[in-house]
Every structure is written in structure tokens, then in C-alpha cells.
Amino acid sequence: MSTQATPTRPTAPLAQADAAAHALQLACETLQIEADAILALKQRLSGIDAAAFTQAMSLLLQCEGRVVVSGIGKSGHIARKIAATFASTGTPAFFVHPAEAAHGDLGMVTRQDVFIAISYSGEASELMSILPTIKRLGVKLIAMTGKPDSSLSKLADVHLNVHVDKEACPLNLAPTASTTVTLALGDALAVAVLDARGFREEDFARSHPGGTLGRRLLTHVRDVMRTGEAIPQVAPETKLTAALLEITQKGMAMTAVVDPEQRIIGVFTDGDLRRLMEKTQDFSQVCIADVMRKNPRSIRPEQLAVEAVEVMETHRINQLLVADDSGKLVGALHIHDLTRAKVI
């Protein structure tokens, strides 16, 4: 009687390992396909598509209104991002949904605007239905498609080619590489325009007041400094014991020393106290003028708070006096004030 060997099945861990390896391989192939597509776009911009890119940039720079970006489906999501990038880099822009535009939102588009229409096929019916109105208004039209012979590209004043040889989708159906290329081209346009406009860090901060850069570039010393009764200060003839009480009450680990005209003549800190204690234990007859540090560092209220941070870090200090142009004490800063304001 003959026997047949029963085929063995792969164990679960082995099957999971194979699945993980396949997933990683697919992920890497996806990234490679999209990277190749962007490199191909770069080559076209350096050659046959250079003139079209330059023309599109010129239209955007000459725009006296806003840049209106539109697309449907995945192209619509990319259009939203491109509009947001333009808006945050100094070019007023907004997204309009083509279906909503056909039902009233076209009223937001004016003759002074530039319209960017995005459709890989160049035949999206929702976009095509509103283009006659756009053209009648005299609005300049930039088309971003993967089909240079499409209906949309033929209507455009400038056509930007976002063609890809294949999508990263294994079925070559879902927009993947094409949307990546379109987004990259939108970023390239926005960066080129912002550079031509002379857009700077300060301009970016004004568009992003809630972000880290905004706080660093828009927050001034006067916005975070302590003022009035919160400023620790004593006269030069004040006894050290009284000055220590002022330091304790104001909670800044230091006190300014000012003359009768409120001009800063010195400062005394907790660090100075520790060094003094190594020399003497009797403070009853010590005058603050005899132990203060003269000509302390200060900053002006109109300077950026980030400059105060730089001074503190450079000189390894935690407090900084604020003086006006005549040297009068107008405020005081502790490192914690800058931390609370999220400048650092």
C-alpha cells in the first residue's frame, strides 16, 4: 500500500513575513514611480515646457485680482492645496468647486483674476461647463492637464503639461503619480512667484501669526515685557536688605538700580548675591550701589522678542532690562516670559 506525502502549508508567521515584504516592495515601487514622474517633469520644465511655465508665472505676477484654482475629484484636492500654498506665500488665492461654481459661486470670479483649471484628462465635464463663462469674462486661464490635445488645454491661455507615463496604482487607474506631479508643479509655480515678488520671512509670518515662525517674527519685546509695578527697581542708596526684599516680592531674581530720572545705572541678581555671600555675611550696612553691576545689558521695547532670546543665550543670563532710547527703564524680561509667549 503506497502512501502520499501531505503537502505542508506555510506557517502563519511566514505568511505574514511574505505579506510584509510584498507591501514594502510595493511601497518602494510607488515612491520610485512618483519620483521618476517628478524627474520627468523637471526635464520638461528645463526644455520643451520652459516657455509655458514662464508664461504662467508672468500671468500670475501680473494678476491684479486673485488666483482662482479649480478641479474635481482628486484634482480638486490638489487644487485646494495649491490655492492654500499661493495664499500663504503672498499671492491672494482661493479654491472654487466647479460644480458649486456652476450654481452661483462663479460670482466670486472677477475679470482681474487668473483661473487655474486642473484636470488630468482635460475633459472633466464639471470644469468644461464653466469655462465658457470664464472666457467671456476675459479671465486669463491656466490649464494643468496630462493631455496637451485635450479640450481644456486648447481653451487655455497657457497649458502646463503634467503627463505621467504611468500611475503608481498597480491597476494604472487611481490618480497617484499624476496628482503628485500636479502638486509639485503647483508648488514650483508658487515658489517661483514668491521669489519674484521678493516675499520674505516677515511676510510669511504675517500670513501665519499663530505658527512658531509668526510668533518669533511678529512678537516684540513690548508685547511680553513686565511693566509698571511689576518691574523690580531700587534707588542706588537703597540698603541691600531692602533690595533683597524687592527682588523677592517681584519674583524676577534681580532688581534694576535707577537714578532719580529712571535711567538704568546698574543691576543686582541672585547670582550676584551668591557671590557676595562668599565674601561677607553682614548685609545690614551694605548699599546696593556698592555691589551692583554697572552698565547692565538692556534691550529696546520695539525690538523683536527673539532678539532678547539671542542676548540671553549669548550671555547666559535669565533676565534682561528694557530701556528706551534715553536709557530709562521701561520694562523687564525674564526667560520664563518668553517661554510663556512661545517665542522659545
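The chain exposes an accessible surface of about 18,800 Å², with 54% of it belonging to carbon and sulfur atoms (Shrake-Rupley method, 1.4 Å probe; for residues, only the protein chains shown count as cover). Please keep in mind that this is a predicted model, in which local features need pLDDT of at least 70, side-chain atom pairs count only at pLDDT 80 or more, and totals for chains, interfaces and linings use all residues. Residues are numbered from 1 along each chain as its sequence is written, and side-chain values use heavy atoms, with hydrogens and water left out.

**The whole chain**

- The chain holds 15 helices and 12 strands (DSSP runs numbered from the N terminus: H or I of at least four residues for helices, E of at least two for strands).
- Its radius of gyration is 33 Å, well over the 20 Å that the globule rule gives for 344 residues, so the chain is more spread out than a compact globule (the radius is taken over C-alpha atoms, and the rule is 2.2 Å times the number of residues to the power 0.38).
- The C-alpha trace spans about 100 × 90 × 40 Å along its principal axes.
- Of the 344 residues, 43% are buried (under 20% relative accessible area with a 1.4 Å probe, protein chains only; exposed is over 50%, and partly exposed lies in between).

**Strand β7 and its neighbours**

- Five of the five residues of β7 (residues 254-258) are buried, so this strand is largely enclosed by the rest of the structure.
- In a regular strand the side chains alternate between the two faces of the sheet.
- For β7, Met254, Ala256 and Val258 lie on one side and Thr255 and Val257 on the other, and all are buried.
- Strand β6 (residues 233-234) runs parallel to β7, joined by two bridges (strands pair if DSSP finds at least two bridges between them); valine 234 has valine 257 as its bridge partner in β7.
- Together, β6, helix α11 (residues 240-250) and β7 form a right-handed β-α-β unit (with the strands pointing away from the viewer, the path from the first strand over the helix to the second runs clockwise).
- On to β8 (residues 264-269): this strand pairs with β7 in the antiparallel sense over five bridges, and alanine 256 has valine 267 as its bridge partner there.

**Serine 178**

- Serine 178 sits in helix α7 (residues 177-197) and counts as buried at 4% relative accessibility.
- Its side chain makes a polar contact with the side chain of glutamate 167 at 2.6 Å.

Definitions and conventions. Polar contact = N/O pair within 3.5 Å; in protein donor to acceptor, adjacent residues only side chain to side chain.
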